[in-house]
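Okay everyone, thanks for coming. I'd like to walk you through one structure today, so have a look at the screen first.

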Amino acid sequence: MARIVVKFGGTSVATVERIRQAARHVKREVDAGHEVIVVVSAMAGKTNELVGWVNEASKLHDAREYDAVVASGEQVTAGLMAIVLSEMGIQSRSYAGWQVPIHTDDAHGAARIVDIDATELNGRLETGWVPVITGFQGVSPNNRITTLGRGGSDTSAVAVAAAVKADRCDIYTDVDGVYTTDPRIVPRAQRLTKISFEEMLEMASLGAKVLMIRSVELAMAHKVRLLVRSTFDDPDAEQIAPDGTPGVPGTLVCDEDEIMEKQIVSGITLARGEAKITLRGVKDKPGVAAAVFGALADKSIVVDMIVQNISEDGGTTDITFTVPDAEYDKAMSAIDGAREVVEFSKVSGSKGGAKISVVGVGMRSHAGVASSMFKALADKGINIQLITTSEIKTSVLIDDSYAELAVRALHTYYGLDTKSS
Ligand code: ADP
Ligand code: ASP
Ligand code: MG
């Protein structure tokens, strides 16, 4: 007998019929003798609709009320799932975040889980019940409803799995695993059998939205093995594991030690909507970078790529960095406000860049991945505006109009295309 947390994303619970299909996966696990906790997202599109209503009500709304509204989508699906499971003869009860309780900090709209009290959940599991928990939400120290940021149900599921010491956390979604790149962009993308936490963390941070970044961080910290699999697989079909043995189909996100064949490049990611800002003629002296990025941090603007050059006269330098398009205007005004302290001659920028990244743990021991990436892009006539690297990834910023071409070209170049189709 295993203890399993299963999470269903928005498309998996988009209608009552789909909730029934999802519930059949739960039933299979219960019938096999496992203890199961279900975590659900809101119906596909629901959270966007709720966010739209909040903005329509007031652009300058209180973040506490934003959370009260947008958390409601998950409450609907949790109740419906519990009803459907009960109808199938499985004892089931729904839980909102505060009823578990899932304690978070008070950063409304982007709260972090601080602690989950597993007493109630453990009690239910031990008496054969299936708790169904609302993803995406928790409760603040002031007893207000909080939400964890978009895509946050993945994080709820992993945190619950860690709290109840689950053997596995299964993420049911609309793809049957983690692919070498977004299969919507490259139909010849291949499903990975296994991917390490570290690679998955890079992929998630770099734009592969199949798992929320924070969920992978938590899974890595608590060693929760994740299985990404499709809700649309026949729930009653024989379960075959990623390694071909009887088990469960999908992609296992696990410790690097569990992966025998380490790929040099495991995946390619694309993140759109990257704005680029350049400060020219910045005084080349200690404390300047701290002043620039301090001004941005004060406004809670997350900076991504950063490049600094020494200008020819040696006395001044240029700094270029990227921020999300949505933060561009805020970043420009923060820089303008810091003009007195920072001392620069000119600021310029543009929205709409695309960041393409090549990820793989094998890069640690193989030279030349970056240079071959640049060559593959040059062969397609694609100009690189910025480059950043880390131990297991190389990222470039390019014009958005070349984004999909670049992803496809690199996918082919690194031999990741499927042979069929
Ligand atoms: P859910 O609603 O189940 O949480 P998401 O839409 O958040 O689902 O995530 C699943 C989607 O992630 C897929 O439909 C796919 O388009 C996208 N995706 C992006 N990159 C990848 C990747 N490398 N592998 C698999 N899916 C990816
Ligand atoms: N419903 C939330 C969202 O759309 C959380 C999730 O689906 O993970 O962002
Ligand atoms: Mg998601």
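**Rings, cysteines and two ligands**

Let's begin with the aromatics: searching the whole structure turns up three aromatic pairs. One of them is Tyr-413 with Tyr-414, where the ring centres sit 5.2 Å apart and the planes meet at 85°, so we call that pair edge-to-face. Before I go on, please keep in mind that this is a predicted model.

Back to those two tyrosines. Is Tyr-413 buried or exposed? Well, Tyr-413 is partly exposed, because its relative accessible area comes out at 41%. Tyr-414, on the other hand, is buried, at 18%, and the cut-off for buried is under 20%.

While we're on rings, have a look at Trp-129 as well. Arg-124 lies over the face of that tryptophan, 4.5 Å from the ring centre.

Okay, cysteines. How many disulfides does the structure hold? Zero. As a reminder, a disulfide is a covalent bond between the sulfur atoms of two cysteines. So why is Cys-169 not bonded to Cys-254? The sulfur of Cys-254 is the closest cysteine sulfur to that of Cys-169, but the distance is 14 Å, so they are too far apart for a bond. The cut-off we need here is 2.5 Å between the sulfurs. Seen from the other side, Cys-254 is in no disulfide either, with the sulfur of Cys-169 as its nearest cysteine sulfur. And how accessible are they? Cys-169 is buried, at 0% relative accessible area, and Cys-254 counts as buried too, at 0%.

Now the ligands, and I'll take ligand 1 to start. There are 17 residues surrounding ligand 1, and the closest are Thr-173, Asp-174, Tyr-179, Asp-182 and Arg-184. By class, that shell splits into seven nonpolar, five polar and five charged residues.

Which contacts should you look for on screen? Try Arg-184: one of its polar side-chain atoms lies 2.5 Å from an oxygen of ligand 1. Then there's Lys-7, with a side-chain N or O atom 3.2 Å from an oxygen atom of ligand 1. Gly-10 uses its backbone instead, with a polar atom 3.2 Å from a ligand 1 oxygen. As for coverage, ligand 1 taken alone exposes 570 Å², and the protein buries 90% of that.

On to ligand 2. Which residues are around ligand 2? They are Ser-41, Ala-42, Thr-47, Glu-74, Phe-136, Arg-150, Gly-151, Gly-152 and Ser-153. Sorted by class, that's two nonpolar, five polar and two charged residues.

For the contacts, start with Glu-74, where a side-chain N or O atom is 2.6 Å from a nitrogen atom of ligand 2. Then the backbone comes in: a polar backbone atom of Gly-151 is 2.9 Å from an oxygen atom of ligand 2, and Ser-153 has a polar backbone atom 3.0 Å from an oxygen of ligand 2. On its own ligand 2 has 260 Å² of accessible area, and the protein covers 86% of it.

That's my tour, so over to you for questions.

Definitions and conventions: Residues numbered from 1 in each chain as written. Chains lettered and ligands numbered in written order. Predicted model: local features only at pLDDT ≥ 70, side-chain atom pairs only at ≥ 80, totals over all residues. Heavy atoms only, no water. Near = heavy atom within 4 Å. Polar contact = N/O pair within 3.5 Å; in protein donor to acceptor, adjacent residues only side chain to side chain. Areas by Shrake-Rupley, 256 points an atom, 1.4 Å probe, with all protein chains shown as cover. Nonpolar A, V, L, I, M, F, W, Y, C, P; charged D, E, K, R; others polar. Buried < 20%, exposed > 50% of the residue type's maximum accessible area, 1.4 Å probe, protein only. Phe/Tyr/Trp six-rings, centres within 6.5 Å; stacked < 30°, edge-to-face > 60°. Lys NZ or Arg CZ within 6 Å of the ring centre and 35° of its normal.
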